[in-house]
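Open the model in your viewer and keep the selection box handy. We'll hop from stop to stop, and at each one you'll get something to select and something to look for.

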Amino acid sequence: MAINNKTTAILLVVYTVVAGVIVVAELQRFDHQPTKADGSLDILVVGDWGRRGLYNQSDVAFQMGKMGDKLDVDFIISTGDNFYDDGLTDDEDPLFVESFTEIYTADSLQKQWYSVLGNHDYRGNVLAQLSPALKKRDSKWLCLRSFIVNSGIVDFFFVDTTPFQDKYFTEEDHDYDWRGVHPREEYLSNVLKEVEMALEVSSAKWKIVIGHHTIFSAGHHGNTQELVDQLLPILEANEVDLYINGHDHCLQHISSENSQLQFLTSGGGSKAWRGEFNEWDPNQMKFYYDGQGFMTLRVTEDEMSVAFFDVFGDILHQWSTSKYTHTDS
Ligand SMILES: *[C@@H]1O[C@H](CO)[C@@H](O)[C@H](O)[C@H]1NC(C)=O
């Protein structure tokens, strides 16, 4: 099937707020309308994957292909850590083909991919993955720092979370490529403002936010306190339905007790961290799996459902919610 996403990039519109003191650029938007007649949307979500097929990456890819075909997916989301261990060296790095093009080969996966950067991607040449040259090597690739996909009944907000984590700026054993991030305080405050503004003006029925890092997680990395403090209040204030991340190499679903917001980890694209699990309130922990796999997301006018699958294509967990707008008279 031909890529049919009518992706239109609306160029940056720059607003000058308070007489030029604070300049907030509006996030880049892509319009990706559902192709199914009923307006429903089917998506696959995978994270933490690029290892030349090793650590079951190829098995996960194979099952994604089967599921992608069955569901006739509209597009695929990558939650980051796209290329291990150190991102890409430049936009001609063979790793791009070896870990992406030659792995996700099923026809059903030749749809648009929307990817964010993970911390490992920042350890390479960060500009390489953002380079338009990669789209020429493989047309399904798209990776940006923070951006929006408008898809009829649902808006997706992709957030560049790596620069939020303090420890990467003091760590001595790894180098990060912070080009485009400095000055950091300004970068972070702009990202938060842009996301908040975009959420506020969104009229979509469903709002989904994607970032590489966890907000809440019982896995190896655990919570990301910087995001709990800075991003979470914005998501809660704007009635976001899902926050989807990678970073912890597991599959996980944590719910909130006081809002509809659900925290979903799809970080099982290759090397998994067996046996890593920290105690969590059982009322909130809906599901945790320390092996490999991926997530599916289905959104219709009235319902949203997610499911997690393992390397055998077996379903591990399923959850759904509904939102009816009809007014009965
Ligand atoms: C691949 O997946 C199987 C099934 O979950 C698991 O037993 C095996 O350890 C995995 N291999 C690697 C290298 O992670």
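Is R52 buried or exposed? Select R52 and see: it is exposed, with a relative accessible area of 51% (buried means under 20% relative accessible area, exposed over 50%, partly exposed in between, with a 1.4 Å probe and protein chains only).

Before going on, some ground rules. This is a predicted model, in which local features need pLDDT of at least 70 and side-chain atom pairs count only at pLDDT 80 or more, while totals for chains, interfaces and linings use all residues. Residues are numbered from 1 along each chain as its sequence is written, and side-chain values use heavy atoms, with hydrogens and water left out.

**Stop 1: colour by confidence**

Colour the chain by pLDDT, the predictor's confidence in each residue, from 0 to 100. The protein chain averages 92, and 91% of the residues score at least 70. Now select residues 1–20: the pLDDT there is below 50, and beyond near neighbours in sequence this stretch has 37 contacts in the model (contact means heavy atoms within 4.5 Å).

**Stop 2: the loop between β4 and α1**

Go back to R52, which lies in the loop between β4 and α1. Helices (H or I, at least four residues) and strands (E, at least two) are DSSP runs, numbered from the N terminus. R52 has a positive phi of about 50° although it is not a glycine. Most residues other than glycine have a negative phi, and most peptide bonds are trans.

Next, pick D48, which sits in the loop between β4 and α1. D48 is not a glycine, yet its phi is positive, about 55°. D48 is buried, with a relative accessible area of 0%.

**Stop 3: helix α1**

Select residues 57–71, which form helix α1. Its 15 residues reach 21 Å from the first C-alpha to the last, close to the 21 Å expected at 1.5 Å a residue (the expected span is 1.5 Å times one less than the number of residues). Show side chains for Q57, V60, A61, Q63, M64, G65, M67 and G68, the buried residues of α1. What covers them? Among the covering elements are β4 (41–46), β5 (75–78), α2 (95–101) and β14 (293–299). Just after α1 comes D72, with a positive phi near 50°.

**Stop 4: two cis peptide bonds**

Zoom in on Y84 and D85: the peptide bond from Y84 to D85 is cis, with omega near -10°. D85 is found in the loop between β5 and α2. For another cis bond, look from H182 to P183, where omega is near -5°. P183 is in the loop between β8 (154–159) and α5.

**Stop 5: helix α5**

Select residues 184–201, helix α5. At 1.5 Å a residue, the 18 residues of α5 should span 26 Å, and its end C-alpha atoms are 26 Å apart, which agrees. Its buried residues include R184, Y187, L188, E194 and L199. N190 lies in this helix too, and at 15% relative accessibility N190 counts as buried. Try a distance from N190 to W319: they are 129 residues apart in sequence and 34 Å apart in space, C-alpha to C-alpha.

**Stop 6: the largest pocket**

Where is the largest pocket? Select L27, R145, S146, Y187 and E194, which are the closest to its centre of the 18 residues that line it. A pocket here is an open set of points on a 1 Å grid over the protein atoms alone, where a 1.4 Å probe fits and protein lies on both sides within 12 Å along at least five of seven lines; lining residues have an atom within 4 Å of a point. About 420 Å³ of space lies in this pocket, a volume being the space filled by probe spheres set on the points. Helix α5 gives the most to the lining, with 5 residues.

**Stop 7: D160**

Finish at D160, in the loop between β8 and α5. D160 is buried, with a relative accessible area of 0%. Which residues does D160 touch, not counting those up to four places away in sequence? Show L117, Y122, R145, S146 and Y187 for the answer. Then add G118, which is 42 residues from D160 in sequence and 8.1 Å away in space, C-alpha to C-alpha.
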